[in-house]
Amino acid sequence: MLVLTRRVDESIRIGDDIRITVVKIKGTQQICVGVDAPRDVPVLREELLIERTDEVKEPSAEES
């Protein structure tokens, strides 16, 4: 994992098409980031991706 230090309004580029910008810092434990990416690139919070994957792996009781 690459770890970088950024301040508010500073960005990180991923390839030519994706830009991550620090928008706001809240206290010492939380930051707000902005993501600029092409529409065809999915951008999801990791916990939502994990939740979706778990739903696919565990079929509902109605399907059994």
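Strands S2 and S3 form a hairpin with three residues between them, and in that turn Gly 27 has a positive phi of about 65°. This is, I should say at once, a predicted model, and everything that follows should be heard with that in mind. The two strands, S2 at residues 18–26 and S3 at residues 30–36, run antiparallel and are joined by seven bridges.

On its other pairing, S2 meets S1, residues 11–14, again antiparallel, with four bridges between them. These two strands also form a hairpin with three residues between them, and here Gly 15 is the turn residue with a positive phi of about 65°.

Arg 19 is a useful place to pause, since in S2 it stands opposite Arg 13, while its bridge partner in S3 is Asp 36. The side chains of Arg 19 and Asp 36 also form a salt bridge, with the closest N and O atoms 2.7 Å apart. Because Asp 36 lies in strand S3 and Arg 19 in strand S2, the pair ties together parts that are 17 residues apart in sequence. Both count as partly exposed, Asp 36 at 38% relative accessibility and Arg 19 at 33%.

The count of salt bridges comes to three. Another of them joins Arg 6 and Glu 10 at 3.7 Å, N to O, and Glu 47 pairs with Arg 45, the closest N and O atoms being 3.3 Å apart.

Finally, on the surface, Glu 51, Asp 54, Glu 55 and Glu 58 gather in a patch of negative charge. Glu 58 is found in the segment after helix H1, which spans 46–57, and Glu 58 is exposed, with a relative accessible area of 59%.

Technical notes
Residues numbered from 1 in each chain as written. Predicted model: local features only at pLDDT ≥ 70, side-chain atom pairs only at ≥ 80, totals over all residues. Heavy atoms only, no water. Patch = residues over 30% accessible without salt bridge, like charges linked within 9 Å, V, L, I, M, F, W, Y side chains within 5 Å. Areas by Shrake-Rupley, 256 points an atom, 1.4 Å probe, with all protein chains shown as cover. Salt bridge = Lys/Arg side-chain N within 4 Å of Asp/Glu carboxyl O. Lys, Arg positive; Asp, Glu negative; His and termini not counted. Charge placed at Lys NZ, Arg CZ, Asp CG, Glu CD. Buried < 20%, exposed > 50% of the residue type's maximum accessible area, 1.4 Å probe, protein only. Pairing = 2+ DSSP bridges.
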